[in-house]
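Trainee: I have just opened this model and I would like to understand one part of it properly. Please pick a single spot and take me through it slowly, step by step.

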Amino acid sequence: MSTDEIACTYSALILQDDDIAVTPEKISTILKAANVDVEPYWPGLFARCLEGVNVKQLITNVGAASVAPAASAAAPAGGDAGGKKEEKKEEKKEESEEEDDDMGFGLFD
């Protein structure tokens, strides 16, 4: 992350913490008060990205989103259906190895 991005991120967090609407003007005001120079497009970009987003809820639920996909991946949806597919793949792999041996030569012959 660049210094500009970090400065705008902290400015947006300060505004959100004080329950002030995150706008490009407010972000610019905080940056000027902190004597931080950023490219002029950063405050507007951050304000548009955070428009309609509850930042406090986003911060408190950071880890919750990553847990759900892992749990669903651990338990197959079809129960034994996932196991049957794996068995078929293993059978095909074994057949292809046997076919290589039938050709009359091996890797270390």
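Mentor: Happy to! One idea comes before the rest: two residues are in contact when heavy atoms of theirs lie within 4.5 Å of each other. Please also keep in mind that what you see is a predicted model.

Let's get our bearings. The chain has six helices and zero strands, so from the N terminus on you read α-α-α-α-α-α. Of its 109 residues, 15% count as buried. Among the contacts between residues at least 6 apart in sequence, 51% join residues at least 24 apart.

The spot I have picked is where α1, α2 and α3 come together. Start with helix α3, residues 41-49, and look for its buried members: Trp42, Pro43, Gly44, Phe46 and Ala47. What covers these residues? Part of the answer is α1 and α2. Let's take those two neighbours one at a time.

Find α1 and look at how its axis runs past that of α3. The two axes come within 10 Å and cross at roughly 50°, and α1 and α3 are therefore oblique to each other. On the α1 side, the contact is made by Asp4, Glu5, Cys8 and Thr9, and on the α3 side by Trp42, Pro43 and Phe46. Sorted by class, that gives four nonpolar, one polar and two charged residues. As for handedness, α1 passes α3 in a right-handed crossing.

Now swing round to α2. Its axis lies 8 Å from that of α3, and the packing angle is about 130°. That makes α2 oblique to α3. Here Pro24, Ile27, Ser28 and Leu31 of α2 meet Pro43, Gly44, Phe46 and Ala47 of α3. The classes are six nonpolar, two polar and no charged residues. The crossing of α2 and α3 is right-handed. Pause on Pro43 and Phe46 for a moment: they take part in the contact with α1, and they also take part in the contact with α2.

To close the triangle, turn to the two covering helices themselves. Helix α1 spans residues 3-17 and helix α2 spans residues 24-33; they pack at about 110°, with their axes 9 Å apart. Angles from 65 to 115 degrees count as roughly perpendicular, and α1 and α2 are therefore roughly perpendicular to each other. Once more the crossing is right-handed. From α1 come Ala7, Cys8, Ser11, Ile14 and Leu15, and from α2 come Lys26, Ile27, Ile30 and Leu31. These residues divide into seven nonpolar, one polar and one charged. Cys8 is worth marking, since it belongs to this contact and to the one α1 makes with α3. In the same spirit, Ile27 and Leu31 meet α1 and also meet α3.

Let's zoom in on one residue of that contact, Ser11, which lies in helix α1. Is Ser11 buried or exposed? The cut-off for buried is under 20% relative accessible area, and Ser11, at 2%, therefore counts as buried. Where does the side chain of Ser11 reach? To the backbone oxygen of Ala7, at 2.9 Å. A general point helps here: an α-helix has 3.6 residues a turn, so residues three or four places apart point the same way. Leaving aside neighbours within four places in sequence, Ser11 is in contact with Ile27, Ile30 and Leu31, and those three are part of the α2 side of the contact with α1.

Before you go, follow α1 along to Gln16, which is found in this helix too. Gln16 is buried, with a relative accessible area of 17%. Not counting residues up to four places away in sequence, Gln16 touches Val22, Asn54, Val55 and Lys56. Gln16 and Lys56 are 40 residues apart in sequence, yet their C-alpha atoms are 7.5 Å apart in space.

So here is the picture to take away: α3 has its buried residues, α1 and α2 are among what covers them, and the two covering helices also pack against each other.

How values were computed: Residues numbered from 1 in each chain as written. Predicted model: local features only at pLDDT ≥ 70, side-chain atom pairs only at ≥ 80, totals over all residues. Heavy atoms only, no water. Axes fitted to C-alpha atoms, helices over the stretch in contact; angles between N-to-C directions. Helix = DSSP H or I, 4+ residues; strand = E, 2+ residues; numbered from the N terminus. Parallel < 35°, antiparallel > 145°, perpendicular 65-115°, else oblique. Left-handed = near helix turned anticlockwise from the far one by under 90°. Nonpolar A, V, L, I, M, F, W, Y, C, P; charged D, E, K, R; others polar. Buried < 20%, exposed > 50% of the residue type's maximum accessible area, 1.4 Å probe, protein only. Polar contact = N/O pair within 3.5 Å; in protein donor to acceptor, adjacent residues only side chain to side chain.
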